Amino acid sequence: MSEVSVTKDARGPEPATDKLVVLDNVNKHFGALHVLQDIDLTIARGEVVVVIGPSGSGKSTLCRTINRLETVDSGGITIDGKPLPQEGKELARLRADVGMVFQSFNLFAHKTVLENVTLGQTKVRKTDKQAAEQKARTLLDRVGVGNQADKYPAQLSGGQQQRVAIARALAMDPKVMLFDEPTSALDPEMINEVLEVMQQLAQEGMTMVVVTHEMGFARSAANRVVFMADGRIVEEATPDQFFSNPRSDRAKDFLSKIL
Ligand code: ADP
Ligand code: MG
């Protein structure tokens, strides 16, 4: 990934912290439901964390709090040493630093693929149009959909759309990428083409938080598995430890159902 290495070489001073994402005792309720309970989670620069757990355990809410699509009731979240901004331009910049890929692709339906990957660059990063398009084409090539640039999202397969969504997020040069079940809405034959792009990103050193049920991906790409149940982090371990020797009954029960 040439652009990333260029960025790294030109980075200048050492980063202020290697703790890229820090959640410190985060709590959140939806009405009476205590959806995130005392969440402490630190993600190091370059780390790939896979979040797994039963449906309704709070995984999506956790992701959404990290780019402030959801507010929290208490506790602190910092990205690269800075607290999450509340609103306005600062928030837009934060969202650009934290790339998000959703289950349902969420591309702009009335924009072409190329426009989807160009828009954030020109609007938020203030990149000029020509440079933004050039970067978009490079990224689209990299995720294997360079020849789809002038089509509209509905003309693409789900796997292609999701790869465009990844390119769109990467176009903002995010510090961290969040993936919330990025392959759950895909037909089986398209899952691997998306996982391969994610695997490549992981190898290139992108910091990633990935909610997924793809245990093969967790085993091969994750530095750490975080297991959630009922709004809590119940267990954290390396993939090897977690899959071969889960400690909690909740994790054992969960794994027995999915493996
Ligand atoms: P997961 O992604 O692990 O399936 P979610 O974070 O989506 O879990 O949801 C956790 C719990 O919070 C679920 O019980 C869900 O119904 C509830 N929930 C999620 N979003 C909202 C919301 N906007 N309002 C009310 N309840 C919500
Ligand atoms: Mg979810």
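Visitor: How many residues does helix α7 have, and what span is expected for α7?
Guide: Helix α7 (residues 188-203) has 16 residues. The expected span is 1.5 Å times one less than the number of residues, here 22 Å. From first C-alpha to last, α7 reaches 23 Å, close to that value. Helices are DSSP runs of H or I, at least four residues, and strands are runs of E, at least two, numbered from the N terminus.

The model is predicted: local features need pLDDT of at least 70, side-chain atom pairs count only at pLDDT 80 or more, and totals for chains, interfaces and linings use all residues. Residues are numbered from 1 along each chain as its sequence is written, chains are lettered from A and ligands numbered from 1 in written order, and side-chain values use heavy atoms, without hydrogens and water.

Visitor: Which residues of α7 are called buried?
Guide: Buried means under 20% relative accessible area, exposed over 50%, partly exposed in between (1.4 Å probe, protein chains only). The buried residues of α7 include M190, I191, V194 and L195.

Visitor: What puts the buried residues on the same side of α7?
Guide: They cover an arc of only 155° around the axis, so they lie on the same side of α7. The arc is taken from the directions from the helix axis to the C-beta atoms. The face turned away carries the exposed residues E189, E196 and Q203.

Visitor: What makes the S60 pair with ligand 1 a polar contact?
Guide: A polar contact is a pair of N or O atoms within 3.5 Å; within protein, one must be able to donate a hydrogen and the other to accept it, and residues adjacent in sequence count only if both atoms are side-chain atoms. A polar backbone atom of S60 is 2.9 Å from an oxygen atom of ligand 1.
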